[in-house]
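Here are some notes to read alongside the model. I hope they help as you look through it, point by point.

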Amino acid sequence: MKRNKLLLLLFLLNIATIGYTQDILKRPEPPRLVNDFTGILNVNEVESLETKLVEFDNNTSTQIAVVIVNDLNGYDANQLAYEIGQKWGVGQKGKNNGIVVLVKPKTSDSQGYAAISVAYGLEDTVTDALAKRIVENEMIPRFRLNDYFGGINSAVTILMDVTKGKYTAGQYYKNRGKSKAGKGFGAFIFILIIFLFFIMANNNKRSQHSIGRSGSNLPFWLLMGGMLGSSGRSGGGSWGDFSSGSGGFGGFGGGSFGGGGASGSW
């Protein structure tokens with residue numbers, strides 16, 4: 001008797017869980033590629049991302065769905081991103097070229113999570129290692145500053161560029177390393193210039209000549225101007241800008257997911 005009651009209880013709990021999960025993961029109608037269930041993005045940010053991703057879908061057939069939720073409801077972030085991709089059918093049937101970018105914002109009493117789930121057909125292009133780098137390098141640092149739009153936009157831009165073949169995962173690693181090094185070198189040059197400035201200013205005071213009237217200081221000022229310009233350029237550039245103009249989203253194509261991707265928390 002006790003065993004039957006236990007089985008009945010487990011059955012009822014399972015039914016309730018399935019119903020709740022299906023409600024949470026219900027595919028949006030009308031379909032959209034950007035689905036913010038938290039309101040953390042403003043209207044312009046949502047529409048900018050939607051336009052960008054719809055145009056990408058129209059041009060390549062690859063679908064990137066952004067989903068922002070208030071709660072993972074007991075799921076691991078990777079698993080929830082996979083479930084969304086699989087049940088919504090993100091990507092095209094046969095091509096399996098879908099990606100889900102999942103974000104659960106941080107709150108005063110809960111951690112934040114980000115995950116990227118990749119369909120079968122893109123796993124060789126968007127590897128688990130690349131997905132992890134994007135989450136850790138592009139998303140979480142911006143999310144820590146409450147720049148959710150910036151983190152999501154940066155992530156989807158890289159995913160778009162890599163899947164289009166604009167550059168490989170290896171080139172992304174290399175270029176991002178150069179960008180960091182360039183910024184560090186620019187900061188070093190700036191500090192060096194300030195140091196030299198104070199040395200020369202001190203020397204000029206001792207010789208009782210102003211900096212503006214000392215002809216020997218002209219090369220220094222020219223050098224400083226050139227270095228400042230160079231250091232500013234070294235940190236410039238980005239992985240892409242907003243695209244403009246597109247039709248409405250036609251709907252998900254029935255892609256299939258295999259569990260590829262990565263996640264992180266902050």
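1. Let me begin with helix 4. K132 is partly exposed, with a relative accessible area of 31%; here buried means under 20% relative accessible area, exposed means over 50%, and partly exposed is in between, using a 1.4 Å probe and protein chains only. The side chain of K132 meets that of E136 in a salt bridge, 3.5 Å from N to O, where a salt bridge is a side-chain nitrogen of Lys or Arg within 4 Å of a carboxyl oxygen of Asp or Glu. Because K132 and E136 are four residues apart in helix 4, about one helical turn separates them. E136 also counts as partly exposed, because its relative accessibility is 41%.

2. A word on the basis of these notes. This is a predicted model, in which local features need pLDDT of at least 70 and side-chain atom pairs count only at pLDDT 80 or more, while totals for chains, interfaces and linings use all residues. Residues are numbered from 1 along each chain as its sequence is written, and side-chain values use heavy atoms, with hydrogens and water left out. Helices (H or I, at least four residues) and strands (E, at least two) are DSSP runs, numbered from the N terminus.

3. Helix 4 holds another salt bridge, for R142 and E138 meet through their side chains at 3.3 Å, N to O. These two residues are four apart in helix 4, about one turn of the helix. R142 is partly exposed at a relative accessible area of 29%, whereas E138 is buried at 3%.

4. L130 is worth a look too, and it lies in helix 4, which covers residues 128–143. L130 counts as buried because its relative accessibility is 0%. Leaving out residues up to four places away in sequence, L130 touches T125, V162, A169, Y172 and Y173; contact means heavy atoms within 4.5 Å. The C-alpha atoms of L130 and A169 are separated by 6.2 Å, with their positions 39 residues apart along the chain. Y173 has a further partner, as the charged end of R133 sits over its ring, 4.0 Å from the centre. That label requires NZ of Lys or CZ of Arg within 6 Å of the ring centre and within 35 degrees of the ring normal.

5. How many salt bridges does the structure hold? The structure holds five. One of them joins the side chains of E50 and R32, at 3.8 Å from N to O. This pair links distant parts of the chain, with E50 in helix 2 (residues 43–60) and R32 in the loop between helix 1 (2–24) and strand 1 (34–36), 18 residues apart. E50 counts as buried at 7% relative accessibility, and R32 as partly exposed at 26%. R32, E47 and E50 are linked in a network of salt bridges.

6. Helix 2 itself has 18 residues and reaches 26 Å from its first C-alpha to its last, close to the 26 Å expected at 1.5 Å a residue. The expected span is 1.5 Å times one less than the number of residues in the helix. Its buried residues are V46, L49, E50, K52, L53, V54, F56 and D57. What covers them includes strand 1, strand 2 (63–68) and helix 5.

7. Now for the interior. The largest nonpolar core has 57 residues, and those with the most contacts inside it are I64, V101, L102, I116, M139 and I152. Such a core is a set of buried Ala, Val, Leu, Ile, Met, Phe, Trp, Tyr and Cys residues joined through side-chain atoms within 4.5 Å. Helix 5 (residues 148–164) gives the most to this core, with nine residues. M139 touches V101, V103, A114, I116, I134, G151 and A155, not counting residues up to four places away in sequence.

8. Finally, the aromatic rings. The count comes to six aromatic pairs, where rings of Phe, Tyr and Trp (its six-membered ring) pair if their centres lie within 6.5 Å, with planes under 30 degrees apart stacked, over 60 edge-to-face and the rest tilted. Y148 and W266 form a tilted pair, 6.3 Å centre to centre with 50° between the planes. Y148 is in helix 5 and W266 in the segment after strand 5 (257–265), 118 residues apart. Both Y148 and W266 are buried. W88, F249 and F252 form one aromatic cluster.
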